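Biologist: Could you take me closely through how the buried interior of this protein is put together, residue by residue where that helps? I would like one connected account rather than a list.

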Amino acid sequence: MNWQALQRARVARVVLWPLSLLYGVAASARAQAYAKGRLKSRRLRAAVVSVGNLNVGGAGKTPMVLWLAEKFIAKGKHVAVLTRGYRGRDGTSDEVELLRNRLGTRAVVAVGADRFATGSALEGKHSVDIFLLDDGFQHLQVARDVDILLMDASRSLAGESLLPAGSLREPISAMGRADALVFTRAESQPGISSAVSHLADYPVFTSTTKLLGFRRFGGADTKLFSADEIGAGPFLAFCGLGNPQQFFRDLENWNISVAAQSIFPDHHKYSAADGAKLERATERANARGLITTEKDANNLKDADLRSYPVFVAVIDIAVSPEEDFLSLIADKIAQRGGSTA
């Protein structure tokens, strides 16, 4: 960011600060109204596990939802994901398609702004044991059995302001509602796992990003290739994410040679003009191909990328300590009378 942009950002924060104060009062009052019962959360019949975060932008919610879904499915549970499909249309979005592509027919992924109504409708049609409430920390209209709050270890919230001057949806104190706190992308802060290990009496965990492989964009082949199999590169890396720098750091950690980077807005729908721009940038960088994320791949259908191979990074996460994390979730659900066994 250049000096002029920094100055504009500082001015915007000062101008918007009074609005952030009002926003904070409203957010806190709303949370208190639900806590004291003045506003009622409605309960679905099946157990509900919520995954969310405090700030706007990516914190790894979709990978966590996928990870949890896989764990519950492995136990024979009927899983449904409830999501609002942010910046999507016609009942889908980039993140919704990612979830559906990875889970297939093994779980139901349902989209709706009113997630209680959406969940109730599902319960009338399907057998559901577990609802995963995607981006649910602020969606207090739905009662939950487990509230998992994600904090991106690669992005400090120290000194961060509330919306609209900053990125926080709620004050930091709202993390007191969480049943479990997970520091995601812990590999970006080597000391955090050690620090968390000393908090054995607190429900604090870490997760790290794992590369499963790369698939070739286009066509029906879903075969995954290793980093060695896609070639030495170099590549042009591009993405439209809430935290694009973390994707580039991941590529570096995976020893992927990157000749150039291109950043687009979060949830960006790529046009033919964007595709042409990316291919020109690839040529200028003397790159041999392009690399992007699974989420971005669902927004590429109009990009018309043909001149160079495009590889999609497919990831998973590892949660530590995993057994304790899963036991906490099972215990919370059991307190209501449900079961994950």
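Modeller: What follows is a walk through the buried parts of the model, with a few other features added at the end. Please keep in mind throughout that this is a predicted model.

I begin with the nonpolar cores. The largest nonpolar core has 34 residues, and those with the most contacts inside it are Val49, Met64, Leu68, Leu132, Ile148, Phe325 and Ile329. Helix α2, spanning residues 61-74, gives this core its largest share, namely 8 residues. If you centre your view on Ile329 and set aside its neighbours within four places in sequence, you will find it in contact with Val49, Leu68, Phe72, Val146 and Ile148. There is also a second, separate core of 14 residues, and Phe235, Leu241, Phe247 and Ala313 are among its members. As background, nonpolar side chains in soluble globular proteins tend to be buried together.

Phe247, which belongs to that second core, also leads to helix α6, residues 244-253, whose buried residues are Pro244, Gln246, Phe247, Phe248, Asp250 and Leu251. These buried residues pack against five strands, which are β7 (204-216), β8 (235-239), β9 (258-263), β10 (289-293) and β11 (310-320). Just after α6, Asn255 takes a positive phi of about 60°.

Two of those strands are also linked through their aromatic side chains. The structure holds 7 aromatic pairs, and in one of them, Phe235 with Phe311, the ring centres are 6.1 Å apart and the planes stand at 90°, so the pair is edge-to-face. This pair links distant parts of the chain, since Phe235 lies in strand β8 and Phe311 in strand β11, 76 residues apart. Phe235 counts as buried because its relative accessibility is 2%, below the 20% limit, and Phe311 counts as buried at 8% relative accessibility. Elsewhere, ring pairs link Trp67, Phe205 and Phe325 into a cluster, and Phe325 is also one of the residues with the most contacts inside the largest core. A ring takes part in another kind of arrangement where the charged end of Arg177 sits over the ring of Phe137, 4.2 Å from its centre.

Two polar residues deserve a closer look in this account of the interior. Thr282 is found in helix α7, residues 272-284, and is buried, with a relative accessible area of 0%. Not counting residues up to four places away in sequence, Thr282 touches Leu236, Ala287, Gly289, Leu290 and Tyr308. Ser167, by contrast, has its place in the loop between β5 (146-152) and β6 (180-184); its relative accessible area is 15%, and because the limit for buried is under 20%, Ser167 is buried. With residues up to four places away in sequence again left out, Ser167 touches Leu54, Asn55, Val56, Glu160 and Ser161. From Ser167 to Val49 the distance is 24 Å, C-alpha to C-alpha, and the two are 118 residues apart in sequence.

Finally, there is a piece of backbone architecture to trace. Strand β2, residues 79-83, and strand β3, residues 107-111, run parallel and are joined by 5 bridges, with Ala80 standing opposite Val108 in β3. Together with helix α3, residues 94-103, these strands make a right-handed β-α-β unit.

Methods: Residues numbered from 1 in each chain as written. Predicted model: local features only at pLDDT ≥ 70, side-chain atom pairs only at ≥ 80, totals over all residues. Heavy atoms only, no water. Core = buried A, V, L, I, M, F, W, Y, C linked by side-chain atoms within 4.5 Å. Buried < 20%, exposed > 50% of the residue type's maximum accessible area, 1.4 Å probe, protein only. Helix = DSSP H or I, 4+ residues; strand = E, 2+ residues; numbered from the N terminus. Contact = heavy atoms within 4.5 Å. Pairing = 2+ DSSP bridges. Right-handed = clockwise from strand over helix to strand, strands pointing away. Phe/Tyr/Trp six-rings, centres within 6.5 Å; stacked < 30°, edge-to-face > 60°. Lys NZ or Arg CZ within 6 Å of the ring centre and 35° of its normal.
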